[in-house]
Amino acid sequence: MAKVKVASVWLEGCSGCHMSFLDIDAAIIDLANAIEFTRTPITDIKEFPQVDVGIVEGSVGNAEEEEVLKDLRAHCKILMAWGDCACFGGVCAMRSSLDKDEVLRRAYIESESTVNGKIPHPPGVPALLDKVLPVNNVVKVDCYVPGCPPEASAILYGLKELLAGRLPVLPPDMMRFD
Amino acid sequence: MKEITLTIDGKQVKGKEGDTVLEVCEANGINVPTLCHMKGLTDVAACRMCIVEVERERRPVPACTYPARDGLVIQTQNEKLEKYRRLVLEIMFTERNHLCAQCVASGDCELQKLGYRYQMDSTRYPYAWPALPIDSQHEYLVIDHNRCILCGRCIRTCNEIVGVHTLDFGYRGWKDVVVADLNQPLGKSTCISCGACFQACPTGAIYSKKSAYKGKRPESKEVTTVCPICGIGCAVKGFVKSNILFRIDSPDPSQHDGLLCYMGRFGPLSQDHPRVKTAMVKNAQGKLEPCSVNEALETVAKKLSQFKAHNGSGSIAGLASSQASSQALKAFKDLISGTLGSKLFDTFDGDEYRAVMKGIKAFDSKADLKTEVPLEEIFNADCILLAGANPFDTHPVAGSYIVRAVRKNKAKLIVLDPAHNVLPEYAAMWLKPKKGQEASVLSNLAKSVGGGPVKEDATTGIGQKELKEATQILGKAKRTIIVYGGGVLQQKNAALITALYKLAAVSGTENKGKADVVVLKSKGNSRFAWDSGVSNGTESIAANLAKNGVKALYVLLADDYAGANDVAAPKGLDFLIVQTSYLTPLAQKADVVLPSPTWTETGGNFSLLDGSPISVSRLVKPAEGTRADWETISEIARRFK
């Protein structure tokens with residue numbers, strides 16, 4: 001049987017979800033027999049091939065993240081969101097209740113360790129969006145594995161369900177919002 | 001009450017007429033999810049989590065307000081209801097910021113639990129997130145409106161259970177928030193800081209600075225006991241993690257004894273005074289130096305036996321705080337009067353004791369402290385006279401009892417106080433006598449209530465009209481209770497106390513001849529100290545140290561920081577022992593300091609206001625080697641054998 005092709009991206013997040021994925025330990029051996037990893041932050045491949053499953057960690061907070069996410073969506077059949085940032089906005093979304101310009105000013109000019117600070121502008125860096133968004137506010141998402149980060153067991157559950165041909169919904173005892 | 005039969009989820013279940021559908025479900029072990037419902041509060045169907053399907057109703061109805069009737073057929077779980085409940089959750093999660101990773105309540109939150117139960121792994125709506133302010137000026141509490149789901153549990157608790165009604169809704173629609181008074185910061189409002197709203201909050205919208213990030217209730221050890229701080233005896237549940245007490249709740253806020261106050265809920269978490277961690281003895285340079293407890297005990301025993309031998313027993317005196325446990329007070333009296341043979345022992349509230357006893361005896365020579373009724377009797381009264389007491393300051397739970405009696409039982413409240421109308425919203429009238437004229441007002445009232453003429457007495461400051469009104473209220477009442485506190489006790493005026501008892505005895509048609517009185521005493525274990533004669537029946541020892549030629553003074557403060565703050569170490573004193581939890585000003589002048597654990601570290605026996613004994617368990621383990629106060633005192637006594 002042909003392996004299921006998977007691509008994953010890490011947007012505005014801390015990489016904790018991918019770390020949690022690596023925490024599945026020995027289970028990764030069986031998984032590697034069934035899954036082929038293409039572009040992921042772990043394999044360091046930059047180009048998207050057409051894949052069966054796209055996985056996204058992190059929320060969408062700037063123009064680049066938005067573009068990468070849309071690109072992933074265009075290249076995958078099923079899109080799975082990992083972690084609170086992708087599912088709900090997470091810690092990154094703390095800035096959503098503040099004005100974007102105020103956030104930039106505080107970070108780049110007014111922060112205590114900054115001398116003669118300047119706010120960086122595109123094209124040098126991607127432009128910030130007004131708000132930090134959960135992934136499903138930007139593209140269609142097919143399934144979710146929440147948690148900050150999700151337990152390794154929840155990540156494995158999500159992948160196994162997909163391999164079994166079902167869209168995963170975490171059972172209540174695996175649900176985590178933090 | 002008539003029994004009714006309903007069919008819930010295909011099963012025949014019994015309920016009582018007057019029950020709501022939710023009450024029938026709860027009584028029959030059928031779990032229906034709730035958020036805005038809390039036992040003991042009026043149900044308002046604000047959250048819609050408890051929706052159920054009732055046969056012949058066009059749409060789902062909230063179980064918490066739907067009256068149960070005989071023959072109803074109800075569904076509590078089906079696909080449609082589950083779908084609606086998840087929808088309700090998604091709307092609540094998206095309206096304001098409920099991202100758990102940003103919230104102090106994560107892991108101890110009812111909204112989060114329901115999110116898990118309904119497998120809410122995403123939300124379909126954009127976040128509204130109106131930028132709402134955070135009120136963090138209060139000493140103990142923070143209100144973060146961004147985490148509020150507007151269930152109103154805090155508001156109903158503040159109103160219906162605590163009785164102060166500081167909190168209510170302000171604004172409308174998107175801007176709807178919980179406000180204190182007319183939108184004051186909580187810390188500047190009429191809030192009595194009891195923290196009941198914090199316990200009622202199902203999310204992280206109201207949280208305590210004393211508990212935040214210190215532990216989560218589901219991951220901690222629970223100890224249920226009784227609070228000994230003021231003598232009312234409220235049940236408390238302490239939450240302990242790694243031997244740190246991080247939160248105190250009421251075990252069941254719907255019960256009569258389910259109230260707590262700022263002292264009980266936050267006091268033990270706010271011990272900011274420097275602790276006495278070891279025993280200390282003054283060195284040759286006159287500075288206190290840490291030493292072992294045994295060393296300190298040896299010094300104490302040696303010195304006291306010297307004073308006894310050279311200066312006689314009368315050169316030794318003992319003063320105790322009535323905040324100490326019954327065992328400690330008893331051991332203290334045994335040591336001073338038995339082992340050391342001195343009659344000079346007293347408590348810091350001894351003046352109050354002597355005034356009360358003298359006042360009672362002048363009223364009825366056979367009467368004693370047993371005339372006092374339990375505080376709960378307030379709920380059976382239709383008239384309450386509150387004299388010289390500000391219960392929301394000193395005994396807040398008593399304040400709530402009074403307010404509830406006024407609101408629920410329509411009891412008439414008369415406030416007698418020369419300076420403040422302490423419960424203006426609830427008092428039927430405020431008798432405001434001139435300072436020091438309370439006794440005359442009470443005597444005049446006792447005469448007029450007893451059938452005599454209503455006489456105007458210009459010197460008292462109370463006019464004829466008021467006197468007449470008060471006479472009417474007290475005369476018509478079936479059951480009258482007089483509650484008096486610090487404002488009366490601190491006057492040390494026996495005549496005033498006699499006048500209170502005389503009025504109590506003539507008013508109330510059903511309890512005529514009986515003086516139903518509650519005394520809000522200044523310390524938590526005052527009643528034991530008074531009953532057991534640790535308080536001196538004859539004279540104030542603290543005021544007469546020099547006159548009595550006292551050379552050595554032993555002060556037992558236990559965990560009462562303020563107990564001896566107005567007591568100066570008298571001139572001519574050669575030796576001062578202070579046994580205390582905190583390095584108080586008096587302890588700093590001592591020759592020997594003995595460490596006391598706090599009540600949360602040892603527990604002990606105490607007496608409530610009405611004299612009933614309680615046993616208090618410790619909430620945390622004391623520091624290694626710490627002894628209970630009574631053990632320390634007995635150790636000294638042992639050295640004399």
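# Why the labels fit: a two-chain predicted model

User: This is a predicted model. What makes strand 14 and strand 15 of chain B a pair?

Analyst: Strand 14 (residues 279-282) and strand 15 (residues 288-291) of chain B run antiparallel and share four bridges. Two bridges are enough to call strands paired, so the label holds. One partner to look at is B:Pro290 in strand 15 of chain B, which bridges to B:Met280.

User: What sits between those two strands?

Analyst: Five residues, and the two strands of chain B make a hairpin around them. In the turn, B:Gly286 takes a positive phi of about 80°.

User: Why is A:Val51 called buried?

Analyst: Count the C-beta atoms: A:Val51 has 21 others within 10 Å. The cut-off for buried is 20 or more, so A:Val51 qualifies. A:Val51 belongs to strand 3 (residues 51-57) of chain A.

User: Which residues does A:Val51 touch, leaving out those up to four places away in sequence?

Analyst: A:Lys5, A:Val6, A:Ala7, A:Thr38, A:His75 and A:Cys76. As for A:Lys77, it is 26 residues from A:Val51 in sequence, yet the C-alpha atoms are 6.8 Å apart.

User: And B:Lys408, is that one buried or exposed, and how do you know?

Analyst: Exposed: B:Lys408 has 11 C-beta neighbours inside 10 Å, and 12 or fewer is what the exposed label asks for. You'll find B:Lys408 in helix 11 (residues 396-409) of chain B. B:Glu160 is 248 residues away in sequence, but C-alpha to C-alpha B:Lys408 and B:Glu160 are 9.3 Å apart.

User: How do you know that the length of helix 6 of chain A makes sense?

Analyst: Helix 6 (residues 152-163) of chain A has twelve residues, and at 1.5 Å a residue it should span 16 Å. The end C-alpha atoms are 17 Å apart, so the two values agree. After the helix comes A:Gly165, with a positive phi near 90°.

User: Which residues of helix 6 of chain A are buried, and what do they pack against?

Analyst: The buried ones are A:Ala154, A:Ile155, A:Leu156, A:Gly158, A:Leu159 and A:Leu162. They pack against helix 1 (16-22), helix 2 (27-34), strand 3, strand 5 (76-82) and strand 7 (143-145) of chain A. Strand 3 of chain A is also where A:Val51 sits.

User: How does helix 9 of chain B do on the span check?

Analyst: Helix 9 (residues 350-363) of chain B has 14 residues, with an expected span of 20 Å, and its end C-alpha atoms are 20 Å apart, so that agrees. Its buried residues include B:Tyr353, B:Val356 and B:Ile360. Among the elements covering them are strand 17 (345-347), helix 14 (486-489) and helix 15 (494-506) of chain B.

User: What makes chain A as compact as a globular protein of that length?

Analyst: First, the make-up: chain A has six helices and seven strands. The radius of gyration of chain A is 17 Å and the globule rule gives 16 Å for 178 residues; those are close, so chain A is as compact as a globular protein of that length. The C-alpha trace spans about 60 × 35 × 30 Å along its principal axes, and 39% of the residues of chain A count as buried.

User: What about chain B, on the same rule?

Analyst: Chain B has 19 helices and 27 strands. Its radius of gyration is 28 Å, close to the 26 Å from the rule for 641 residues, so chain B is also as compact as a globular protein of its length. Its C-alpha atoms fill a box of roughly 90 × 70 × 45 Å, and 51% of the residues in chain B count as buried.

User: Which domains does chain B have, and how far apart are the centres of domain 1 and domain 2?

Analyst: The domain assignment gives domain 1 (3-77), domain 2 (125-269), domain 3 (279-349 + 526-638) and domain 4 (352-519). The C-alpha centres of domain 1 and domain 2 of chain B lie 28 Å apart. Their contact takes ten residues from domain 1 and 13 residues from domain 2. On the domain 1 side, seven of the residues are nonpolar, two polar and one charged.

User: How many residues does each chain bring to the contact between chain A and chain B?

Analyst: 19 from chain B and 22 from chain A. The chain B side divides into eight nonpolar, nine polar and two charged residues.

Definitions and conventions
Residues are numbered from 1 along each chain as its sequence is written. Chains are lettered from A and ligands numbered from 1 in the order in which they are written. This is a predicted model: local features need pLDDT of at least 70, side-chain atom pairs count only at pLDDT 80 or more; totals for chains, interfaces and linings use all residues. The expected span of a helix is 1.5 Å times one less than its number of residues. Two residues are in contact if their C-beta atoms, placed from the backbone, lie within 7 Å. Domain bounds come from an automatic or database domain assignment. Ala, Val, Leu, Ile, Met, Phe, Trp, Tyr, Cys and Pro count as nonpolar, Asp, Glu, Lys and Arg as charged, and the others, Gly among them, as polar. The radius of gyration is taken over C-alpha atoms; the globule rule is 2.2 Å times the number of residues to the power 0.38.
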